[in-house]
Amino acid sequence: MTNLSVRRKGSMLEGLAETIFKAAGFDVQRNVCVMGYEIDLLVKFGDRTLLIECKQYEKSYLPVKNLIFQWKEKNKVLNADRVILIIYGVDISDEENNLANECGIQIWGIKELNEFLSIINDRERLCADILKVVNLKERDIAETNEKIFKKLIWKTLLSGKSEISEDERFSVFRQALRYRIITNLKEFGSTPKLRENHIDFFENVIKETETKRKLLIFKVRSKLSERIIWDDIKNKIMQLKPFSNEIDSKYLGYMQRIEEGFQEYFDWFTYNKEEMHRKLITERLLGLESDKHAIFRTVQVQEFEAPRIKINHIIFNESAIGDIKILEWILTDLAYDFVDTINEKNNKIKELHWYPASLQETVEYTCRILYEYFGIKRSDKLLDKSLLTSDEFYNIKN
C-alpha cells in the first residue's frame, strides 16, 4: 500500500512538472524509454534536452547520493544538456546539493515548482525564469547533434549503402543549424525586428535557391541539391553580412563546426576496421525503439538465421542452433531460457533467450556469435536485416 502511495505522489510530481514545462512552451514527452532508460519527462527546448526524474521519498528509498550517481552515469549515455531531479518527502543537505552540482545535476523541490506555478499564465516570463534556473551553457553544435549525426552514419552503413546521400547529409546539417539559431533567439532574447530579419534572410535564401532549382530542372533536367542551399546560405552570410558581425561570425562558425563534427563521427566509425563492427552494433542498439530488435548479419557468409538482438536481450530460434553446447562455450553463459512462442506464420516454435547484464555485455556476446559461431570476418560488411526489406537484402546479396 505504501509503494502505491509513493507511485501516486511521484505521478503527481510528474504531472505538475509536465504542466509547467508545457506552459512555458517546451516540448514535453512523459514516461518514455530512451536508449534503454525509463525517463519520467523528456523535455526539448530547440536543440537542447532536459531529463526530469520525479521522486517521492519514503524511508525505503535509496539515498539521494545514490540517485545522483545513478543519473550521472545514465547521462554519460543519454548526453542531455541538464538532468533535473524533482524530489519531495526528504530534506536535501548542502552536501547532496553540492554533489549534484559537481555532477551537472539540479535538485528541485516543491518550492521551485510553486514559484513556477505562480506565474504559469505568463508564458514569456515562465520560460525566461526556467531558463535562468536551469542555466544551460551553450554546447558545441556537433556534440549537441551527436545522436542525429551518428544515426545517419550507422543507418547508412548497416543498410548496405556505399555512401551517405548528399541530400540527406545537408538536410540534416540545415536542420541542426536552424534548431540552434531558433534556440539562441529564444534563450538569449530577441526583438520582433531581429526575428523578422532572420525570417527574411533564411527563408529568402531558400526560396531563391528553390527558384534556381526549378529553372535548372526545366532547362537541363538537373537537380539542385541540398548542398547548394547550404552553400548559398554560407556565401550570402559572408557577402551580405545580414546581421551584426558577432552574429554573422557565430552562424558561420556553427556551419563549419557542423561539417567538421559530422566528418569526425564518420571517421570514428570507419577509421579502425577492427572496431567498426563493435561501434556499429553499439550505436544501433542504443538507437533501437523499445519494441524492436536488430538482426545483424553479412552477405559474405553463407545463409544463416541470425538472432534478434536488443539491449540486454538475445533471442535465437532453436532450429537455428546446431549445438547449444557450442554457444554455451562461446558465450561462457549457461543461463538462458527456453520460451514457446508463435511465429509470423502462426507456427509454434521454441526460442532461446539470453539476458546480458549490460549493453557492453550484449555487444560482446553479439560479436562472439558473429565471429566465433557464424564465422564472420571483421572485414565483412555488417548489415542489420531489420533495416532492409527482403528485396533490398536480396539485391545487396546478389
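A residue counts as buried when its relative accessible area is under 20%, as exposed when that area is over 50%, and as partly exposed in between (1.4 Å probe, protein chains only). By that yardstick Glu-18 is buried, with a relative accessible area of 16%. The model is a predicted one, where local features need pLDDT of at least 70 and side-chain atom pairs count only at pLDDT 80 or more, while totals for chains, interfaces and linings use all residues. Residues are numbered from 1 along each chain as its sequence is written, and side-chain values use heavy atoms, with hydrogens and water left out.

First, the overall picture. Of the 398 residues in the protein, 44% are buried. The secondary structure comes to 15 helices and eleven strands, where helices (H or I, at least four residues) and strands (E, at least two) are DSSP runs numbered from the N terminus. The accessible surface is about 22000 Å², and carbon and sulfur atoms hold 49% of that; these areas come from the Shrake-Rupley method with a 1.4 Å probe, and for residues only the protein chains shown count as cover. As for contacts (heavy atoms within 4.5 Å), take those in the protein with a separation of 6 or more: residues 24 or more positions apart account for 64% of them.

Now to strand β4, residues 82–88. Six of its seven residues are buried, so the strand is largely enclosed by the rest of the structure. β4 has partners in β3 and β5, with pairing taken to mean that DSSP finds at least two bridges between two strands. Strand β3 (residues 48–56) runs parallel to β4 and is joined to it by seven bridges. Four bridges join β4 to strand β5 (residues 105–108), again in parallel. Leu-85 is a handy marker here: Glu-53 stands opposite this residue of β4, and in β5 its bridge partner is Ile-107. As a rule, side chains in a regular strand alternate between the two faces of the sheet. Together with helix α3 (residues 94–102), β4 and β5 make a right-handed β-α-β unit. Right-handed here means that, with the strands pointing away from the viewer, the path from the first strand over the helix to the second runs clockwise.

Next come the charged pairs. The structure holds 28 salt bridges, each one a side-chain nitrogen of Lys or Arg within 4 Å of a carboxyl oxygen of Asp or Glu. One of them pairs Arg-30 with Glu-18, and their closest N and O atoms are 3.0 Å apart. That pair links distant parts of the chain, with Arg-30 in strand β1 (residues 27–34) and Glu-18 in helix α1 (residues 2–23), twelve residues apart. Arg-30 is partly exposed at a relative accessible area of 28%. Neither residue sits out the wider pattern: Glu-14, Glu-18, Lys-22 and Arg-30 are linked in a network of salt bridges.

A more local example is Lys-150 with Glu-146, where the closest N and O atoms are 2.7 Å apart. Both residues lie in helix α7 (residues 146–158), four residues apart, or about one turn of the helix. Lys-150 is buried at 8% relative accessibility, whereas Glu-146 is partly exposed at 21%. The side chains of Glu-166 and Arg-227 also meet in a salt bridge (3.4 Å, N to O). Glu-166 belongs to helix α8 (residues 166–187) and Arg-227 to helix α10 (residues 226–240), so this pair ties together parts that are 61 residues apart in sequence. Glu-166 is partly exposed at 32% relative accessibility, and Arg-227 is partly exposed at 33%.

Two more residues are worth a look for their polar contacts, meaning pairs of N or O atoms within 3.5 Å; within protein, one atom must be able to donate a hydrogen and the other to accept it, and residues adjacent in sequence count only if both atoms are side-chain atoms. Thr-144 sits in helix α6 (residues 141–144) and is buried, with a relative accessible area of 17%. Its side chain is joined to that of Arg-180 by a polar contact of 3.1 Å. Neighbours within four places in sequence aside, Thr-144 is in contact with Asp-47, Arg-139 and Arg-180.

Glu-361, found in helix α14 (residues 359–373), is partly exposed at 28% relative accessibility. A polar atom of the Glu-361 side chain lies 2.8 Å from the backbone nitrogen of Ala-357. The C-alpha atoms of Glu-361 and Ile-311 are separated by 9.2 Å, with the two residues 50 apart along the chain.
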